[in-house]
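Here is a friendly walk through one model, from its overall layout to a few of its loops and a long helix. Have the viewer open and follow along.

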Amino acid sequence: MTAVSAPPVPRNRRRKTRTPHHNPHPPIRLSEQRINEIDLFPGKEHMACPTCKSWCPLTGMGSQPKLVPHHKARAGQGPNHRCTIGSNRRVIVDISVGRWRTKMIESVPTAAARRATKVLPKPRTERPPATSQLKPTPLAAEKAGQDFLKHRKACVLCARVSRDSAAQPCPDGARLATTYMRLLRQEPQRAKVRQIFARERNRFDRLYARQAPRKRESEWAAALPSVREADRQRTAAPAGDAPSAARTVPLDPVTFRRAGS
């Protein structure tokens, strides 16, 4: 019986391997990488491989730094595939340890400040009515007169007209005065129209009050046959045998509960 060998998996590698081989791909510049993807602590230089994003040691920091050979997966996990683009790839250290440490310190409060803000619900505003639903305010001579007096107290040109008849009012004052005079002339006619509408409204109210009882009686008369038919069907006994006396005796709750269980 032949033994089935387990598929090869990445194994634990030495921290810094020594090899004279170099990757033909262009070298990696540390200044172009993210600050959180490199570690330049003396004696523990690491960086994330740009190809497989695996953290790998940097070897040859004194002469020619490069990434050590590594697999794409973690040790003991995943398929045993070598990262051909990132292994033995040269690294250009164009950032000092002090500069890297300063950026790391500056990024700590920046990352801590990125927290979710409290979502404040927006107050719901009432939907404005449509243009066809707007009801214009009827003009009245009294309201127009109040607006004209208020404007004349606040306007210098219109206040001068009351003292000097040769002075000219401002355009707004002239418009308000014209509107006030026009409403004064139309007020008798408007009063007659209001009286006519009030009289017709009273007449319709009296007519409705006289016709309401008759209309209610006719509606009840129309609904009376259907009501009588519903009462007849409700009081009629159902077809079949009449209920026996034994069924009318109430059952004991305990016995009924046992029978149901």
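## A serine between two strands

Where does Ser54 lie? Ser54 belongs to the loop that runs between strand 3 (46–48) and strand 4 (55–59). Keep in mind throughout that this is a predicted model.

Is Ser54 buried or exposed? Its relative accessible area is 14%, and because the cut-off for buried is under 20%, Ser54 counts as buried. Once neighbours within four places in sequence are set aside, the residues in contact with Ser54 are Met47, Ala48, Cys49, His70, His71 and Lys72.

The loop between strand 3 and strand 4 also holds Lys53. Lys53 is not a glycine, yet its phi is positive, at about 60°. For context, most residues other than glycine have a negative phi.

## The overall layout

Let us step back to the whole chain. Its secondary structure amounts to six helices and six strands. Following the sequence, the order is β-β-β-β-β-β-α-α-α-α-α-α, with the strands ahead of the helices.

Of the 261 residues in the chain, 18% are buried. If you take the contacts between residues at least 6 apart in sequence, 55% of them join residues at least 24 apart.

## The nonpolar core

How many residues does the largest nonpolar core have? The number is 15, and those with the most contacts inside this core are Leu30, Met47, Cys49, Leu67 and Val91. In soluble globular proteins, nonpolar side chains tend to be buried together.

Cys49 is a handy place to start exploring. Beyond its neighbours within four places in sequence, Cys49 is in contact with Ser54, Cys56, Leu67, His70, Cys83 and Gly86. Ser54 thus appears here too, as a contact of Cys49, and Leu67 is one of the residues with the most contacts inside the core.

## Two more buried loop residues

Asn88 sits in the loop between strand 5 (66–67) and strand 6 (91–92). The phi of Asn88 is positive, near 60°, although this residue is not a glycine. Asn88 counts as buried because its relative accessibility is 12%, against a cut-off of under 20%.

Glu45 is located in the loop between strand 2 (38–39) and strand 3. With a relative accessibility of 10%, Glu45 is buried. Met61 is 16 residues away from Glu45 along the chain, and the C-alpha atoms of the two are separated by 8.3 Å.

## Helix 4 and its kink

Helix 4 covers residues 171–235, which makes 65 residues. A straight helix would reach 96 Å at 1.5 Å a residue, but the end C-alpha atoms of helix 4 are only 83 Å apart. Where in helix 4 does a kink lie? Look at Glu187, shortly before the proline Pro188, where the kink is about 45°.

Four names make up the list of buried residues in helix 4: Gly173, Leu176, Leu183 and Ala212. Their cover includes helix 2 (141–154) and helix 3 (156–161).

## Rings and charges

The count of aromatic pairs comes to zero. There is, however, a charge over a ring: the charged end of Arg203 sits over the ring of Phe204, at 4.8 Å from the ring centre.

Terms used:
Residues are numbered from 1 along each chain as its sequence is written. This is a predicted model: local features need pLDDT of at least 70, side-chain atom pairs count only at pLDDT 80 or more; totals for chains, interfaces and linings use all residues. Side-chain values use heavy atoms; hydrogens and water are left out. A nonpolar core is a set of buried Ala, Val, Leu, Ile, Met, Phe, Trp, Tyr and Cys residues joined through side-chain atoms within 4.5 Å. Buried means under 20% relative accessible area, exposed over 50%, partly exposed in between (1.4 Å probe, protein chains only). Contact means heavy atoms within 4.5 Å. Rings of Phe, Tyr and Trp (its six-membered ring) pair if their centres lie within 6.5 Å; planes under 30 degrees apart count as stacked, over 60 as edge-to-face and the rest as tilted. A charge sits over a ring if NZ of Lys or CZ of Arg is within 6 Å of the ring centre and within 35 degrees of the ring normal. The expected span of a helix is 1.5 Å times one less than its number of residues. The bend at a residue is the angle between axes fitted to the seven residues ending there and the seven starting there.
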